[in-house]
Every structure is written in C-alpha cells, then in structure tokens.
Amino acid sequence: MSSRQIQDERVWVVCTRAEDLPVFLQTYPPSHTSLREIEWISVRRSAEEARGPSGPLSLAQALSQWKKLPVCQRTNAKANELALETGELTGKWLVFASPESVNAIWAAVASAVFEGRLGPMAKVSPAMESASEGLSARAREQVKVLICVYTCDYTNEGDVRRVREQLRALGVRERLKYKTDMLTHLDVYAANRNEHNAKTFVYEL
C-alpha cells in the first residue's frame with residue numbers, strides 16, 4: 001500500500017508493500033516528481049523496524065540538552081550518548097545520483113529494501129526541478145539527487161557495512177558517507193562547523 005504522509009507540514013509519499021512497488025515507482029519516478037509538491041519519496045518495509053525502540057529521553061529533551069552545551073562539548077561522544085538515551089539509533093548511507101540515473105538507482109534500492117537486502121527504509125528526493133532542461137550541460141553535471149538508505153542501528157557496524165556492500169552489489173561503487181539520524185536532529189552539518197565540535201559522518205566507505 002502507498003500513502004501520503006504529512007510530517008511537520010512536509011508531504012512524503014510512502015510505499016509499504018512489495019506488491020505495490022511497481023505501480024509506486026511508475027507513479028512517483030524521482031525525475032518526474034516535483035519537490036514543490038512532495039519532499040520525499042519513500043519505501044518502508046516495517047514502520048516499527050525503521051523507528052526502533054524509544055528511550056527514556058525524548059528528542060526534544062536531547063536537542064535542549066545539546067543547545068545548552070558549550071560548542072566545545074557538542075561532540076560525537078555526546079551525540080552518541082543522547083542517541084542511546086533516546087533510542088534514536090537509526091542512520092543512513094547517503095547516495096548521490098545524477099538526474100539521468102536516479103530513477104534506475106532508486107528502483108534498484110527500493111526493490112532491495114523489500115527483498116531484505118538493505119535496511120528497513122529508504123527515501124529519495126524528488127528531482128524534477130534538478131532535471132530542468134533550462135540548465136546548461138555544465139550545470140547539469142554538477143546536480144546530484146540524494147537517496148538515503150537506512151539501517152536500524154548505527155552502532156552495529158557489521159550491519160552498516162553489510163548494507164554498504166549490498167549497495168555496491170547494486171552498482172553504487174563510489175565512496176559513500178554515513179550519517180546518524182541523531183546528528184541530523186542535532187543540526188550537525190559541515191556548513192555550520194562553528195556551532196559544534198562533531199564530525200558530520202561516522203562512516204565513510
């Protein structure tokens with residue numbers, strides 16, 4: 001079954017059954033889906049598996065604790081501590097595809113999620129605007145579309161590496177970076193390095 005979900009006023013389209021995937025892929029090909037209407041196109045094998053167990057600390061409380069810390073103490077070690085306290089242990093490999101190749105790569109990733117070869121969830125950003133014919137050839141070469149391939153527990157390095165190897169088997173052979181969801185929640189990015197003392201990515205393979 002596929003559905004539209006609204007998360008914080010952001011619209012996702014989600015497929016949750018393998019038998020619905022062919023129609024879902026035809027209905028929402030990333031290269032012909034607008035980011036103005038939909039923020040993410042997602043496949044999810046199991047909502048419970050993707051979410052994982054919750055801890056005694058809420059994400060709001062974790063973010064509040066983080067913001068109260070001096071910048072020098074906003075480290076990966078502290079982010080890991082908050083992840084364990086909240087149960088927010090999910091993370092994702094970041095795959096960047098060209099607008100021309102994104103549909104094929106996304107179809108392969110989505111199928112592999114339902115086959116159990118990857119983690120419980122993946123999502124792709126709509127790319128219709130990225131594939132605009134108004135862009136010059138040089139500009140089009142620079143455009144990349146993000147696919148996030150999730151794992152349940154970033155502390156399980158064996159499973160994180162297993163998913164990376166499965167992506168390689170699907171043809172994704174360039175070096176990839178892995179980011180935890182907790183670092184995303186804490187707004188840890190390379191662009192705002194002056195606001196934290198943490199590495200943005202925890203694996204790079």
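**Figure 1. Strand β6 and its partner strands in the predicted model.** Strand β5 (residues 121-124) pairs with β6 in the antiparallel sense, over three bridges. Within this pairing, V124 has I147 of β6 as its bridge partner. Strand β4 (residues 91-97) also runs antiparallel to β6, and seven bridges join these two strands. One position of this kind involves K92, which stands opposite Y150 in β6. Strand β6 itself spans residues 145-151 and is mostly covered, with six of its seven residues buried. The structure shown here and in the following views is a predicted model.

**Figure 2. The surroundings of K92 in strand β4.** K92 is found in strand β4. Its relative accessibility is 6%, and a residue under 20% is classed as buried, so K92 counts as buried. The side chain of K92 makes a polar contact with the side chain of D181, at 2.7 Å. Leaving aside neighbours within four places in sequence, K92 is in contact with C148, V149 and Y150, and also with K177, Y178, K179, T180, D181 and T184. D181 therefore appears in this view both as a contact of K92 and as its partner in the polar contact.

**Figure 3. The ring pair of W12 and W40.** The count of aromatic pairs in the model comes to four. In one of them, the rings of W12 and W40 have their centres 6.4 Å apart and their planes at 55 degrees, so this pair is tilted. W12 lies in strand β2 (residues 10-15) and W40 lies in strand β3 (residues 40-44), so the pair ties together parts that are 28 residues apart in sequence. W12 is buried, with a relative accessible area of 6%. W40 also counts as buried, at 12% relative accessibility. In addition, K123 lies over the face of W40, at 4.0 Å from the ring centre.

**Figure 4. The ring pair of F24 and Y28.** The rings of F24 and Y28 have their centres 5.4 Å apart, and their planes stand at 55 degrees, so the pair is tilted. F24 is buried, with a relative accessible area of 3%. Y28 has a relative accessibility of 17% and likewise counts as buried.

**Figure 5. An aromatic cluster, and a charge over a ring.** W93, Y178 and Y203 are linked into a cluster by ring pairs. Y178 is also one of the residues in contact with K92. A further contact of K92 is K179, and the charged end of K179 sits over the ring of Y189, 3.5 Å from the centre of that ring.

**Figure 6. T75 in the loop between α3 and α4.** T75 lies in the loop between helix α3 (59-68) and helix α4 (76-86). A polar atom of the T75 side chain lies 3.2 Å from the backbone nitrogen of K78. Apart from neighbours within four places in sequence, T75 is in contact with W66, N197 and A198. T75 and A198 are 123 residues apart in sequence, yet their C-alpha atoms are 4.4 Å apart in space.

Note on methods
Residues numbered from 1 in each chain as written. Predicted model: local features only at pLDDT ≥ 70, side-chain atom pairs only at ≥ 80, totals over all residues. Heavy atoms only, no water. Phe/Tyr/Trp six-rings, centres within 6.5 Å; stacked < 30°, edge-to-face > 60°. Helix = DSSP H or I, 4+ residues; strand = E, 2+ residues; numbered from the N terminus. Buried < 20%, exposed > 50% of the residue type's maximum accessible area, 1.4 Å probe, protein only. Lys NZ or Arg CZ within 6 Å of the ring centre and 35° of its normal. Pairing = 2+ DSSP bridges. Polar contact = N/O pair within 3.5 Å; in protein donor to acceptor, adjacent residues only side chain to side chain. Contact = heavy atoms within 4.5 Å.
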